[in-house]
Amino acid sequence: MDADIARIYAEVPVEGLKPSFVMELIRLHAHGPMTITELAESVQRTHSAISQKVAAMRAAGLVRTTAGADARSKKVTLTAKASRVVDRLAAEWQATEAAIAEIEAEIPYPLSRVVTDIEEVLRRKSFHDRIAEKLAEDVAWE
């Protein structure tokens, strides 16, 4: 699914655009300039993750940052380049959501339930621990 979404973005030719930037770009378009902290909270990611993503989006020419209300904060704003394509990105987002709903209608359970179930299983034992246990049993890993 991710590869197919990336193919859609390749058809929108925007240099530097990555599918992983889209949620933040749409959020900035909808809510206007935000600090990195506000943006992180709005997309439920860590400040560190969004700070790194903002740096990558800035390098791609999609956002700019300015000093925030205090010396420690930065305001993130869409550039003209991002503003020109954000409506198309929002349309893709809505089309993707509709396609997921269509898929969910064709299978006996919602995809979101799969994610929730996997998260619960991984809370009991991490993916790392599961792999490490298998490797501990493999003489090639020793």
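The exercises below concern helix packing, a strand pair and one buried residue in a predicted model.

**Exercise 1**

Task: Determine how helix α2 is oriented against helix α5, and which residues make the contact.

Solution:
- Step 1. Locate the helices: α2 covers residues 22-31 and α5 covers residues 80-106.
- Step 2. Take the geometry of the axes, which come within 9 Å and cross at roughly 115 degrees.
- Step 3. Classify the angle. Values from 65 to 115 degrees count as roughly perpendicular, so α2 is roughly perpendicular to α5.
- Step 4. Add the handedness: the crossing of α2 past α5 is left-handed.
- Step 5. List the contact. From α2 come Val 22, Met 23, Leu 25, Ile 26 and His 29. From α5 come Ala 82, Val 86, Asp 87, Leu 89, Ala 90, Glu 92 and Trp 93.
- Step 6. Sort these residues by type: nine are nonpolar, one is polar and two are charged.

**Exercise 2**

Task: Do the analysis again for helix α1 against α5.

Solution:
- Step 1. Helix α1 spans residues 2-10, and its axis lies 12 Å from that of α5.
- Step 2. The packing angle is about 150 degrees. Angles over 145 degrees count as roughly antiparallel, and therefore α1 is roughly antiparallel to α5.
- Step 3. Here the crossing is right-handed.
- Step 4. Ile 5, Ile 8 and Tyr 9 of α1 meet Leu 89, Glu 92 and Thr 96 of α5.
- Step 5. By type, the contact of α1 with α5 holds four nonpolar residues, one polar and one charged.
- Step 6. Compare the lists for α5. Leu 89 and Glu 92 take part in the contact with α2 and also in the contact with α1.

**Exercise 3**

Task: Describe how strands β2 and β3 are joined and paired.

Solution:
- Step 1. Strand β2 runs over residues 63-67 and strand β3 over residues 74-78.
- Step 2. Their pairing is antiparallel and involves five bridges.
- Step 3. To fix the register, note that Arg 64 stands opposite Thr 77 in β3.
- Step 4. The two strands form a hairpin, with six residues between them.

**Exercise 4**

Task: Decide whether Thr 35 is buried or exposed, and find its contacts beyond its sequence neighbours.

Solution:
- Step 1. Place the residue: Thr 35 belongs to strand β1, residues 34-35.
- Step 2. Its relative accessible area is 13%. Under 20% counts as buried, so Thr 35 is buried.
- Step 3. Set aside neighbours within four places in sequence; Thr 35 then contacts Ser 73, Lys 74 and Lys 75.
- Step 4. Relate this to Exercise 3: β3 covers residues 74-78, and Lys 74 and Lys 75 are among the contacts of Thr 35.

Key
Residues are numbered from 1 along each chain as its sequence is written. This is a predicted model: local features need pLDDT of at least 70, side-chain atom pairs count only at pLDDT 80 or more; totals for chains, interfaces and linings use all residues. Side-chain values use heavy atoms; hydrogens and water are left out. Axes are lines fitted to C-alpha atoms, for helices over the stretch in contact, and angles run from 0 to 180 degrees between N-to-C directions. Helices (H or I, at least four residues) and strands (E, at least two) are DSSP runs, numbered from the N terminus. Angles under 35 degrees count as roughly parallel, over 145 as roughly antiparallel, 65 to 115 as roughly perpendicular and the rest as oblique. A crossing is left-handed if the near helix is turned anticlockwise from the far one by less than a right angle, and right-handed if clockwise. Contact means heavy atoms within 4.5 Å. Ala, Val, Leu, Ile, Met, Phe, Trp, Tyr, Cys and Pro count as nonpolar, Asp, Glu, Lys and Arg as charged, and the others, Gly among them, as polar. Buried means under 20% relative accessible area, exposed over 50%, partly exposed in between (1.4 Å probe, protein chains only). Two strands pair if DSSP finds at least two bridges between them.
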